[in-house]
Amino acid sequence: MRLFAAVWPPDDVLDHLDLALATVRGGPAGASSAVRWSARETWHLTAAFYGDLPDGAVPGLVADLAAVAQDRAPFALALRGAGVFSHRTMWVGVGGDVEAQRRLSGACVDAGVEAGAVPDRRPRERPHLTIARIRPGARPPRRGSSRPARGRGPGEQGGDVPLTEHDVARGVARALAVYEGPSWTVDELCLVASRPGAGRGGGPLYEVVERFAFA
């Protein structure tokens, strides 16, 4: 079973983000084909990724994550800002008690190791929610390179520069740089099963296996 631990924002927080993204999803002509937008039901903050675990290891992981949840108090977060990782992943960031989220992530990683999962080596210092990915085959623009402009009509300045997928990603990130969603109280942790390719639009399908309330 392919598993990860996550914090899931409530519906009102996701509603707010959905409305903000509605203004940038269409973007310039052709933008909709330049990026693959994540389905709303996949929007979460990953605390730890465990990969494929045998069924026999799951009860131990569940017990350890329950102990992690019981060992902490609720804390406040808000979705804030945006950016692009490695020219590929478009994300919305997090504000509020980010340090509490980092500590939760570290404890979830340790719980996975105890259960026999491969240690999650991905840095979780910048909690984020993935909103889109650049479609495969795109290349980042070269530094200092200039693309030939297409001519415009008489009296217009310059020309239309061909739009790349990375132009779209940077444009979305700039548009959402000042985004700030409503605050919510994080009071539970989720253990989630992932089925790659089984979700809407060929994306992953996520199913909550267990929920763990904080003390």
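**Exercise 1. Classify F85 and W91 by burial, and characterise their ring pair.**

*Solution.* F85 has a relative accessible area of 24% and is therefore partly exposed; the classes are buried under 20%, exposed over 50% and partly exposed in between, with a 1.4 Å probe and protein chains only. W91, at 10%, is buried. Rings of Phe, Tyr and Trp (its six-membered ring) pair if their centres lie within 6.5 Å, and planes under 30 degrees apart count as stacked, over 60 as edge-to-face and the rest as tilted. The rings of F85 and W91 lie 5.1 Å centre to centre with 25° between the planes, a stacked aromatic pair.

The model is predicted: local features need pLDDT of at least 70, side-chain atom pairs count only at pLDDT 80 or more, and totals for chains, interfaces and linings use all residues. Residues are numbered from 1 along each chain as its sequence is written, and side-chain values use heavy atoms, with hydrogens and water left out.

**Exercise 2. Determine how many aromatic pairs there are, and why the pair of F75 and F214 ties together parts that are apart in sequence.**

*Solution.* The count comes to four aromatic pairs. The ring centres of F75 and F214 are 6.1 Å apart and the planes stand at 25°, so this pair is stacked. F75 belongs to strand β4 (residues 75-85) and F214 to the segment after β11 (205-213), so the pair ties together parts 139 residues apart in sequence. Strands here are DSSP runs of E with at least two residues, and helices are runs of H or I with at least four, numbered from the N terminus. Both partners count as buried: F75 has 7% relative accessibility and F214 has 8%. Ring pairs also link F4, W8 and Y206 into a cluster.

**Exercise 3. Describe the largest nonpolar core and the surroundings of Y50.**

*Solution.* A nonpolar core is a set of buried Ala, Val, Leu, Ile, Met, Phe, Trp, Tyr and Cys residues joined through side-chain atoms within 4.5 Å. The largest has 54 residues, and those with the most contacts inside it are Y50, L79, C108 and I131. Helix α4 (residues 98-115) provides the largest share of this core, eight residues. Residues up to four places away in sequence aside, Y50 touches several residues, including L3, F4, L61, C108 and L191; a contact means heavy atoms within 4.5 Å.

**Exercise 4. State the overall composition of the chain.**

*Solution.* The chain has five helices and 11 strands. Of its 215 residues, 43% count as buried. Among contacts with a separation of 6 or more, 75% involve residues 24 or more positions apart.
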